[in-house]
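Colleague: Could you take a close look at one chain of this complex for me, the one written first? I'd like to hear how the chain is built and how it meets its partner.

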Amino acid sequence: MEIAFRNEGIYLPQIDLWLDPRALVEHAWLSHAHSDHARGLHSTVIGTRATLAIYRHRWPLPPGRLQQILPLNPNESLDWRGARLTPLRAAHILGAAQLLIEYQGERIVYTGDIKLRAPICGWPTQLVSCDRLIIESTFGLPIYQFLDASAARARIVLFAQETLAAGLTPVFLGYGLGRGQEIVHTLTQAGLPCSVHGAIAGLLPYYEAEGYEFPGWQPYQRRKVETSALVVTPGMQDSLAIPSAQVRVALVSGWAAVDSARARSGADVLIPYSDHASFPELLEMVHASGASHIDVVHGYTEPFARLLRLRGHNAHAAGTAVPTEVQV
Amino acid sequence: MNALALCAESVAAAPGRNEKIARVAAYLRTLSDDDLSRAVLYLSGQTFPASDPRKLSVGHATLRPALAEVTGWDLETIALCYREVGDTGEAFALLLRPLGHLTPLSLVEAEQLYLTLAAARRTAQKLDLLIRIFRTYHWLAIKYFLKAITGNLRIGLQQKMVEESLALATAVPVEQVRAAHNRSGDLARVARAARHGSLDSIEAVLFHPLDFMLAKPLDAAAELADPSQWLVEDKYDGIRAQAHIAHGQVRLFTRGLEEATAAFPEILLALAHLPGPLILDGEILAWRDGRALAFSVLQPRIARKKVSAKTIADVPVIFLAYDLLMAGGHLQFEVPVELRRRRLETLGLPHLAPQTSLHLREEIETHFQAARARGNEGLILKRSGSLYESGKRGGHWLKVKRPYGTLDVVVTAAEQGHGRRASVWSDVTFAVRAGDRFLNVGKAYSGLTDDEIKKLTVLFKAATLERFGRVSLLRPEVVLEVAFDGVQKSPRHKSGFALRFPRILRWRTDKRPEDCDTVDRVRELYESSLRS
């Protein structure tokens, strides 16, 4: 099957389908609801129910505008223009999925954003074999090694407990969708008081709809001096009402695997936990796919593709670094 | 090393200076005398005491092949990982961690390994030893074992803070620890003495550089209270240096505490006869007909390991003494400036800087003009009765200098910083205009706020034309105003000139690249410096 890596995203011309397009297109597969993957009001959107629900929250449909919405469950196939599309569970954020495309006897898997280890909130990755694998490489260098979910939970709880016991306010930096809710889930499940910034709190109902519980969280109020843990988005620690001497900040992120993240984020404590695959997980996924052709997208595409080639794989960086024709 | 590494990791995460010092002190208290001596060295990024002549001579060229051998990663991947991490110790530790070696590294073993590495003559021996180390010890211990070699732990713990931690752990005033460290250059010995209350017994060591006393700028003569309390000397535009002399041996150390002995054989000859042990503070100057020549003339003599007879004939140099740090083996820090001067005068020095007393405030301008007429940079004022405050810029010495000038320049390349600055492009190369081209005249690392650096990094990334490892070539867009202390010839920069001590004054968001200064202006400044 022909696959075009374009500035606007990945395009499958034979079946007129875009994978995570960044520009407005006709028909789009949305692997998950992060805004660099699910954005804009395409004519057709295909994705899991949770992904499309959060996408709708972020991209409401204006009155009178029409959009074809095709929600699928994992492993529920859709026949699409001569191909069969099947979402496969991806451990990343709530609702994330890979897409298996079967077309004229060829099996192609597009991972979207993914990791192999089970997430705190979300489902584990389903491994299937394929002929061609399109895989992300956000952390495609061997320096990137992360905690698994249970170790990350333990570190989050310990940091909150120790900081509160010292009479200080623990502040967690986590992205608005995914990491933020996982931290809130971890804290509330451990019975710790926590105040949650609106950007994170606004999406908690979608997690509750999938069965996750967050007992006792409070909305964060900017002017109030908190005596509970705070969960905010990165950068916000500078605008808190509490004096910085009363605050200890933890960054929960894959980038926290490297010490310089401390200076970059302003955090005191680094908790290296990601919703992307660590380097060994990426290798394991490539190996498990059995694919004879691997395309690497996002992040360290060229170094990771090179390392795969050194291991005997037929792998190529398919980033946007090489612009192809421009779609009008 | 394992416990030291855990301490260091906890220091990295500690909020604030005091908490960091408290954590180091708590760790130091748990150690035996021998381990205390080792730990203070390694925590301050040294493998041997500063006064110890031994050198490890271990760099990328040995470390990376050893890591490649142990981990199987190719050199290109190792270089890329280093670039992303910004620190050799940390990058290596991250690549070694998956191997799961668990053997702990004790401080005494670490010391043995450093000694063996230093003693190894051939690269192959060093390589074998490093491979054995990487195959054996716990990754976290290796992280800090290597950081001590590269000289910077990057945990927000400067050497001064290690001294403070040691003082706290041994209940000794920090000034005493600092002074003993300065005189001996041996923090390991100081640590043991601090614990045993015998810091006084630590004597000054010759042939190890002492911290220089520094001068504060005097911006306006009106700021000078009580003019009659000051002594006046010319400020010379050469290389500030210490001459250490004993038993016919002379060694020179510059302000950066680097050794510069080999570059100036005629100075060694001129000073060797002096009665030692003696330490002089003064200036290395290009000298002809009884006066100093411009710094740009001295330039071909700098930082050489060997110097030809022709160069010596072309650019004759002298050591002009202007203060006394040790005489007859006794440190002179506690001796008032007038008495130090009198002792200097009795030594029979080949060149001694003239000194006079100031009476009236108005005389500052007269002296300044006279100093400029002699080709010198300005004046140094020394306060009557003041002591030699090694390593301090305490206001007992004042400098009167005419600002050399500033230039508006455009940034043509930026480089990722290290450690704390690994994620930003903090080191910039800048250029002046030559017609419609831009020619580089220097590099600067300091002067901007963290916030400005962050913003500039975004602009630099957008303006990147090409990347070469850590360095990115940029479209000339960002204009900076830089201050500097002089102009010199440079084969390195395309303009043929380099600014001395450039520092960024401000980011000129109001100026466009075509508004920046020209290479002709730089040439003018250079030529006027030769005439003065």
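Modeller: Let's settle one term up front: helices (H or I, at least four residues) and strands (E, at least two) are DSSP runs, numbered from the N terminus. By that count, chain A has 8 helices and 19 strands.

Keep in mind that this is a predicted model, where local features need pLDDT of at least 70, side-chain atom pairs count only at pLDDT 80 or more, and totals for chains, interfaces and linings use all residues. Residues are numbered from 1 along each chain as its sequence is written, while chains are lettered from A and ligands numbered from 1 in the order in which they are written.

As for confidence, pLDDT is the predictor's own score for each residue, from 0 to 100. Chain A averages 92, and 96% of its residues score at least 70. Residues 320–328 of chain A are where the pLDDT drops below 50; beyond near neighbours in sequence, that stretch makes 7 contacts in the model. A contact here means two residues whose C-beta atoms, placed from the backbone, lie within 7 Å.

On to overall shape. The C-alpha trace of chain A spans about 65 × 55 × 35 Å along its principal axes. The radius of gyration, taken over C-alpha atoms, is compared with a globule rule of 2.2 Å times the number of residues to the power 0.38. For 328 residues a compact globule would come out near 20 Å, and chain A has 20 Å, which agrees. Among contacts in chain A between residues at least 6 apart in sequence, 57% join residues at least 24 apart.

Now the inside. I call a residue buried if 20 or more other C-beta atoms lie within 10 Å of its own, exposed if 12 or fewer, and partly exposed in between, again with C-beta atoms placed from the backbone. Of the 328 residues of chain A, 51% count as buried. Helix α1 (residues 49–58) of chain A contributes A50(A), T51(A), L52(A), I54(A) and Y55(A) to that buried set. The cover over the buried residues of α1(A) includes β5 (44–48), β6 (68–72), β9 (97–103) and α5 (204–209) of chain A.

Finally, the partner: 15 residues of chain A are in contact with 21 residues of chain B. On the chain A side, α6 (261–265) and α8 (301–310) each supply at least two residues, with α6(A) giving the most, 3 residues. That side of chain A divides into 8 nonpolar, 2 polar and 5 charged residues, counting Ala, Val, Leu, Ile, Met, Phe, Trp, Tyr, Cys and Pro as nonpolar, Asp, Glu, Lys and Arg as charged, and the others, Gly among them, as polar.
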